Structures are given as structure tokens and as C-alpha cells.
Amino acid sequence: MTQPIPDWNPPQVVPAKVVPAKVVPAKLEASLSAKRETQSLSYHDSYLCPICRHGQIAELTLMDAFACSFCRHIFTANLQNQTVQVVDSAQPLSWRWTGRGWQSTHRDDPSLSAVVWFVSSVLVLLPGSIVGLMAYLFPPLPGSLWSWFPMVWLACTFGVHLLMVGWLIAEHYQIPLYVASRVRLRDWLGRS
Ligand SMILES: [Zn+2]
């Protein structure tokens with residue numbers, strides 16, 4: 001005699017959703033791909049700035065170079081390789097135009113990056129740990145009026161050095177958001 005299986009639920013049949021395939025008219029597709037192909041780097045066009053990712057870079061009149069309308073950086077172009085390189089920056093950053101966007105081509109100096117990261121970690125860790133060690137070795141008298149001071153001082157030391165390191169790294173890697181904010185701040189200070 002077979003025993004009925006308790007709590008057996010028949011498998012639910014979920015109807016498969018029928019997703020209609022996207023139909024792109026052949027003519028439209030052809031014109032789109034043609035547009036993509038023709039978007040090569042040339043002095044007659046303007047492109048999104050690869051540094052600030054906010055302004056447009058366009059040809060500087062009578063010069064084989066581009067300039068950004070927002071951050072004012074200047075780029076020399078190599079139209080054969082479809083690349084641009086920034087000329088007024090401490091770092092020799094360069095990008096290749098892919099037809100739709102920029103691709104970073106520069107390999108930044110690994111020794112310089114190592115120095116930046118080493119200095120950054122020392123700047124964050126060393127002052128904070130000295131202040132923390134002092135607070136630990138010479139703790140304030142319990143219940144005294146200034147007993148909160150070492151902790152606040154430690155937080156301030158840590159926070160200020162973290163800001164400094166953030167600036168150093170943003171400057172080193174030319175982070176677009178940082179570059180755009182710096183330009184806005186400069187404009188705002190110039191206006192007021
Ligand atoms: Zn720019």
C-alpha cells in the first residue's frame with residue numbers, strides 16, 4: 001500500500017512571458033552605424049572634455065590644439081592615432097577617442113603613484129596615532145572639565161589629515177568631479 005506524501009504541492013506552472021523582439025528598421029540601423037563611424041576625432045567637432053567631464057573641448061583658432069570651454073585645459077591632438085594629450089598639467093595625461101567617448105591611455109608613473117600613496121598613508125596614520133598615544137599615555141583626570149578634549153582633538157587631527165590626503169589623491173588622479181568643483185569654486189571666487 002502506498003502512502004500519500006504529506007504537504008506535497010503540485011508544481012506551479014508559470015506562463016513564460018513572451019518578450020517581443022526589438023525590431024530596428026534596417027534603414028535606421030544603417031544610418032546609426034554610419035553616424036557612429038563618422039564620429040572620428042577632428043578639429044571641426046567638439047567633444048566632452050576628458051578631464052572635467054563637464055565642458056566641451058573644441059579647436060583653438062589657428063592652432064592644432066583643443067581647449068575646454070569649462071576647465072580651460074589645453075590639449076594637443078594626434079588625429080592619426082585619435083588621441084589627445086593635456087599640455088598644461090603636471091601629469092602627462094592622454095586619452096584615445098573611441099568614436100563615442102574617451103579611453104584613458106596614459107599609464108601613470110608607478111613610482112610617483114607609489115610615493116603619493118605612501119605619503120598619504122603616513123599623513124593619515126602618523127599624526128593621528130601620535131595624538132591617540134598621547135591621550136592614552138597621559139589620560140585626562142576623570143571628571144575634569146576638559147576630559148572630552150583629547151577625543152575631539154584626535155578626531156580633528158584625523159579629519160584634517162584625511163582632507164589633505166583626499167586633495168592630494170584627487171589632484172594626482174585628476175578626478176573629474178574634483179576638477180569640475182575646482183573650476184566652479186575659482187569662478188565663484190572670481191565673481192565675488
Ligand atoms: Zn574641461
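**A seven-stranded sheet and a helix pair in a predicted model**

Val84 is buried, with 26 other C-beta atoms within 10 Å. A residue counts as buried if 20 or more other C-beta atoms lie within 10 Å of its own, as exposed if 12 or fewer do, and as partly exposed in between; C-beta atoms are placed from the backbone. The structure is a predicted model: local features need pLDDT of at least 70, side-chain atom pairs count only at pLDDT 80 or more, and totals for chains, interfaces and linings use all residues. Residues are numbered from 1 along each chain as its sequence is written.

Val84 lies in strand β5. Leaving aside neighbours within four places in sequence, Val84 is in contact with Phe66, Phe75, Thr76, Ala77, Ser94 and Trp95. Contact here requires C-beta atoms, placed from the backbone, within 7 Å. Val84 and Trp97 are 13 residues apart in sequence, and their C-alpha atoms are 7.9 Å apart in space. Side chains alternate along β5. Val84 and Val86 point to one face and are buried, whereas Thr83 and Gln85 point to the other and are not.

The protein chain has four helices and seven strands. Helices (H or I, at least four residues) and strands (E, at least two) are DSSP runs, numbered from the N terminus. Along the sequence the pattern is α-β-β-β-β-β-β-β-α-α-α. Of the 192 residues of the protein chain, 9% count as buried. Among contacts in the protein chain with a separation of 6 or more, 36% come from residues 24 or more positions apart.

The seven strands form an open sheet with antiparallel pairing, in the order β1-β2-β3-β4-β5-β6-β7. Its edge strands are β1 (47-48) and β7 (102-104), each of which pairs on one side only. Two strands pair if DSSP finds at least two bridges between them. At one edge, β1 and strand β2 (residues 56-59) pair in the antiparallel sense over two bridges. Tyr47 stands opposite Ile57 in β2.

Strand β4 (residues 74-78) runs antiparallel to β5, and four bridges join them. Thr76 stands opposite Gln85 in β5. The hairpin of β4 and β5 has four residues between the strands. In this hairpin Gln82 takes a positive phi near 60°.

On its other side, β5 (residues 83-86) is joined to β6 by three bridges, again antiparallel. Two facing pairs can be named here. Val84 stands opposite Trp95 in β6, and Gln85 stands opposite Ser94 in β6. Strand β6 (residues 94-97) has a covered face, with Trp95 and Trp97, and an uncovered face, with Ser94 and Arg96.

Three bridges also join β6 to β7, which run antiparallel. Arg96 stands opposite Gln103 in β7. The hairpin of β6 and β7 has four residues between the strands, and Gly99 takes a positive phi near 110° there.

The helical part is described next. The axes of helix α2 (residues 110-137) and helix α3 (residues 149-173) come within 9 Å and cross at roughly 175°. Axes are lines fitted to C-alpha atoms, for helices over the stretch in contact, with angles from 0 to 180 degrees between N-to-C directions. Helices α2 and α3 are therefore roughly antiparallel to each other. Angles over 145 degrees count as roughly antiparallel, under 35 as roughly parallel, 65 to 115 as roughly perpendicular and the rest as oblique.

The contact of α2 with α3 involves residues including Val116, Leu123, Val124 and Val131 in α2, and Trp153, Leu154, Phe158 and Leu162 in α3. Its residues divide into 15 nonpolar, six polar and no charged. Ala, Val, Leu, Ile, Met, Phe, Trp, Tyr, Cys and Pro count as nonpolar, Asp, Glu, Lys and Arg as charged, and the others, Gly among them, as polar.

The 25 residues of α3 should span 36 Å at 1.5 Å a residue, and the end C-alpha atoms of α3 are 36 Å apart, which agrees. The expected span is 1.5 Å times one less than the number of residues in the helix. Just after α3, Gln174 takes a positive phi of about 50°. For helix α4 (residues 176-191), the 16 residues should span 22 Å at 1.5 Å a residue; the end C-alpha atoms are 23 Å apart, which agrees. Helix α4 is hardly covered: one of its 16 residues is buried.

Terms used. Contact = placed C-beta atoms within 7 Å.
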